[in-house]
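Student: I should like to examine this model with you, beginning with a single residue and moving outward to its surroundings.

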Amino acid sequence: MAIIGTRIDGRLIHGQVANLWTTKLNISRIMVVDDEVVNNDIEKSGLKLACPAGVKLSILPVEKAAANILAGKYDSQRLLIVAKRPAPFLGLVERGVELPELNVGNMSQSPETRSVTRSVNVLEEDIKDFDELNAKGVKLIHQMVPGDTAKDFLPLLDKVR
């Protein structure tokens with residue numbers, strides 16, 4: 001399977017994703033799945049600059065990302081999928097994309113969020129999306145960097161319910 005890693009990160013592509021995860025997982029393509037970023041030329045330009053040399057980049061809405069994955073477009077590549085929140089991953093799963101595991105890395109704080117960990121802050125809708133992903137068989141983990149031990153994310157999430 002082409003999907004080597006999946007990560008929620010509010011910053012999308014930055015030091016941890018661009019350097020640590022891409023190198024550790026030997027990624028050949030980063031796919032940003034975001035229905036809003038795809039229409040934001042400034043944000044897309046920033047992502048292109050942040051993408052490591054030699055790594056391809058796709059910035060796609062959920063529908064197109066799922067269609068491309070299911071069509072086998074990336075089968076010869078090592079794909080890391082990144083999104084800001086759980087909803088795009090739920091959208092992929094609902095369209096038939098198999099995601100055995102999802103790494104909840106970094107979700108930004110706002111006045112509406114509740115703090116799960118120092119780096120993960122969730123909205124009420126995120127909790128529902130995580131529960132739905134779990135119900136669909138996606139294992140949710142929390143691991144900031146490759147050197148950290150992956151933790152089961154659901155017990156962490158239970159603290160803010």
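Student: In which strand is Gly5 found?

Tutor: The model is a predicted one. Within it, residues 3–9 form a strand, and Gly5 is found in that strand, β1.

Student: Is Gly5 buried or exposed?

Tutor: The cut-off for burial is under 20% relative accessible area. Gly5 has a relative accessibility of 10%, and therefore Gly5 counts as buried.

Student: Which residues does Gly5 touch, not counting residues up to four places away in sequence?

Tutor: Gly5 also has a partner far along the chain: its C-alpha atom and that of Leu102, 97 residues apart in sequence, are separated by 7.6 Å. Leaving out residues up to four places away in sequence, Gly5 touches Leu25, Leu79, Leu80 and Ile81.

Student: Which residue in β5 stands opposite Asp9?

Tutor: Strand β5 covers residues 101–106, of which five of the six are buried. β1 and β5 run parallel and are joined by three bridges. Opposite Asp9, the residue in β5 is Asn106.

Student: Which residue in β8 stands opposite Glu101?

Tutor: β5 also pairs with strand β8 (residues 139–142), in the parallel sense and over three bridges. The residue in β8 opposite Glu101 is Lys139.

Student: Which strand supplies the largest share of the lining of the largest pocket?

Tutor: This pocket holds about 250 Å³ of space. Its lining has 16 residues, with Gly5 and Glu101 among those nearest the centre. β1 and β5 each supply at least two lining residues. The largest share, five residues, comes from β1.

Key
Residues numbered from 1 in each chain as written. Predicted model: local features only at pLDDT ≥ 70, side-chain atom pairs only at ≥ 80, totals over all residues. Heavy atoms only, no water. Helix = DSSP H or I, 4+ residues; strand = E, 2+ residues; numbered from the N terminus. Buried < 20%, exposed > 50% of the residue type's maximum accessible area, 1.4 Å probe, protein only. Contact = heavy atoms within 4.5 Å. Pairing = 2+ DSSP bridges. 1 Å grid on protein atoms, 1.4 Å probe; cavity = no way out; pocket = protein on both sides within 12 Å on 5 of 7 lines; lining within 4 Å. Points joined across faces, edges and corners; volume = space filled by probe spheres on them.
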